[in-house]
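Got your viewer open? Let's take a walk through this one together, picking out one piece at a time.

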Amino acid sequence: MKVWFPTLIKWVGKAGEKLHGQLAHEIRTVVKEEGGVTFQALDKMILTKSVVFEALRIEPPVPFQYGKARDNIVVHSHDAAFEIKKGEMIFGYQPFATKDPRIFDDPEEFVGHRFVGDGEKLLRYVYWSNGRETEDPTAENKQCPGKDLVLLLSRVLLVEFFLRYDTFTVETSSALGLGSTVTFTSLIKAKST
């Protein structure tokens, strides 16, 4: 979370006031309808979910993955197939998949609504947790066991933030291997209703 939360805030901050307004509207409307921040309310926040997935897609908190092949396998790309023998070391760089221009339009751009509606089908190409977003962690795979907790807390962070603020600006820099450094340069409090 120490690496991930600043990265999430960086991308949401850089997305600008239009996205902030859309998030604030969705979050405040759903919270009012549901009578508070509940699991049911969080599930109804489609844009908020999409924004979290988009930040994970564009800058996964742990981009490098490695392990030994448990069996002989064949890994397919768009153009080729690669045979990997049992016991061989496999290394993966998740942004090769999450920024694939054959899958994602404008892959280097943060698009907050990318995973809304039909875009939800693209989640199978998001590999931030050492596995497809559409798969669950098990004892038999190496997918992050905290995956669902990361998603939940990321959404709660955005919800609590946009219940209090309308918009914000940030300055960012990269901390090699430690994610992003984010400095808030402005915060506009939510208008009372």
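## Stop one: charged partners

Start by selecting Glu59 and Lys10, a salt-bridged pair whose closest N and O atoms sit 2.6 Å apart. Keep in mind as you look that this is a predicted model. Now color by element of structure: Glu59 is in the loop between α4 (46–58) and β1 (64–68), while Lys10 belongs to helix α1 (residues 4–15). The two are 49 residues apart, so this pair links distant parts of the chain. Switch on a surface and compare the two: Glu59 is partly exposed, at 22% relative accessible area, whereas Lys10 is buried, at 10%.

Next, pick Arg28 and Asp166. Their side chains meet in a salt bridge too, with 2.7 Å from N to O. Arg28 lies in helix α2 (residues 17–34) and Asp166 in strand β5 (residues 165–174), so this bridge ties together parts that are 138 residues apart in sequence. Which of these two is buried, and which is partly exposed? Asp166 counts as buried, at 14% relative accessibility, and Arg28 counts as partly exposed, at 26%.

Now try Lys99 and Glu108, another salt bridge, with the closest N and O atoms 3.5 Å apart. Lys99 is partly exposed at 22% relative accessibility, and Glu108 is exposed, with 52%. Then go back to Arg28 and Asp166 and add Lys191 to your selection: salt bridges with shared partners join these three into one network. If you want to hunt for others, the structure holds 12 salt bridges.

## Stop two: helix α6

Select residues 147–164. That is helix α6, with 18 residues. Put a distance label between its first and last C-alpha and you should get 26 Å, close to the 26 Å expected at 1.5 Å a residue.

Which residues of α6 are buried? Color these: Lys147, Val150, Leu151, Ser154, Arg155, Leu158, Val159, Phe161 and Phe162. Here is a handy thing to know while you look at any helix: an α-helix has 3.6 residues a turn, so residues three or four places apart point the same way. To see what covers the buried residues of α6, show α1, α2, α3 (39–44), α4, β5 and β6 (180–189), which are among the elements doing it.

Before you leave, click on Val156, also in helix α6. Val156 counts as partly exposed, with 25% relative accessibility. Now select Phe39 as well: the C-alpha atoms of Val156 and Phe39 are 9.7 Å apart in space, though the residues are 117 apart in sequence.

## Stop three: helices that meet

Two packed helices are described by the angle between their axes and the distance between the axes. Let's try that on three pairs.

Show α1 together with α6. Their axes are 11 Å apart and the packing angle is about 50°, which makes α1 oblique to α6. The crossing of α1 past α6 is right-handed. For the side chains that make the contact, show Trp4, Phe5, Leu8, Ile9 and Val12 on α1, then Val150, Leu153, Ser154, Leu157, Leu158 and Phe162 on α6.

Hide α6 and bring in α2 next to α1. This time the axes are 6 Å apart, at an angle of about 110°, and α1 ends up roughly perpendicular to α2. Val12, Gly13 and Ala15 of α1 make the contact with Glu17, Leu19, His20 and Leu23 of α2.

Last pair: α2 and α4. Their axes cross at roughly 135° and come within 8 Å, and these two helices are therefore oblique to each other. Where they meet, you can pick out Leu19, Gln22, Leu23, Glu26 and Ile27 in α2 and Ile46, Leu47, Thr48 and Val51 in α4.

## Stop four: along α2

Stay on α2 and hide the rest. How many residues does α2 have? There are 18, and the helix reaches 25 Å from first C-alpha to last, close to the 26 Å expected at 1.5 Å a residue.

Color the buried residues of α2: Leu19, His20, Leu23, Ala24, Glu26, Ile27, Val30 and Val31. Then turn the neighbors back on, since you'll want to see what those residues pack against: α1, α3, α4, α6 and β5.

Finish by stepping just past the helix. Gly35 follows α2, and its phi is positive, near 80°.

Key: Residues are numbered from 1 along each chain as its sequence is written. This is a predicted model: local features need pLDDT of at least 70, side-chain atom pairs count only at pLDDT 80 or more; totals for chains, interfaces and linings use all residues. Side-chain values use heavy atoms; hydrogens and water are left out. A salt bridge is a side-chain nitrogen of Lys or Arg within 4 Å of a carboxyl oxygen of Asp or Glu. Helices (H or I, at least four residues) and strands (E, at least two) are DSSP runs, numbered from the N terminus. Buried means under 20% relative accessible area, exposed over 50%, partly exposed in between (1.4 Å probe, protein chains only). The expected span of a helix is 1.5 Å times one less than its number of residues. Contact means heavy atoms within 4.5 Å. Axes are lines fitted to C-alpha atoms, for helices over the stretch in contact, and angles run from 0 to 180 degrees between N-to-C directions. Angles under 35 degrees count as roughly parallel, over 145 as roughly antiparallel, 65 to 115 as roughly perpendicular and the rest as oblique. A crossing is left-handed if the near helix is turned anticlockwise from the far one by less than a right angle, and right-handed if clockwise.
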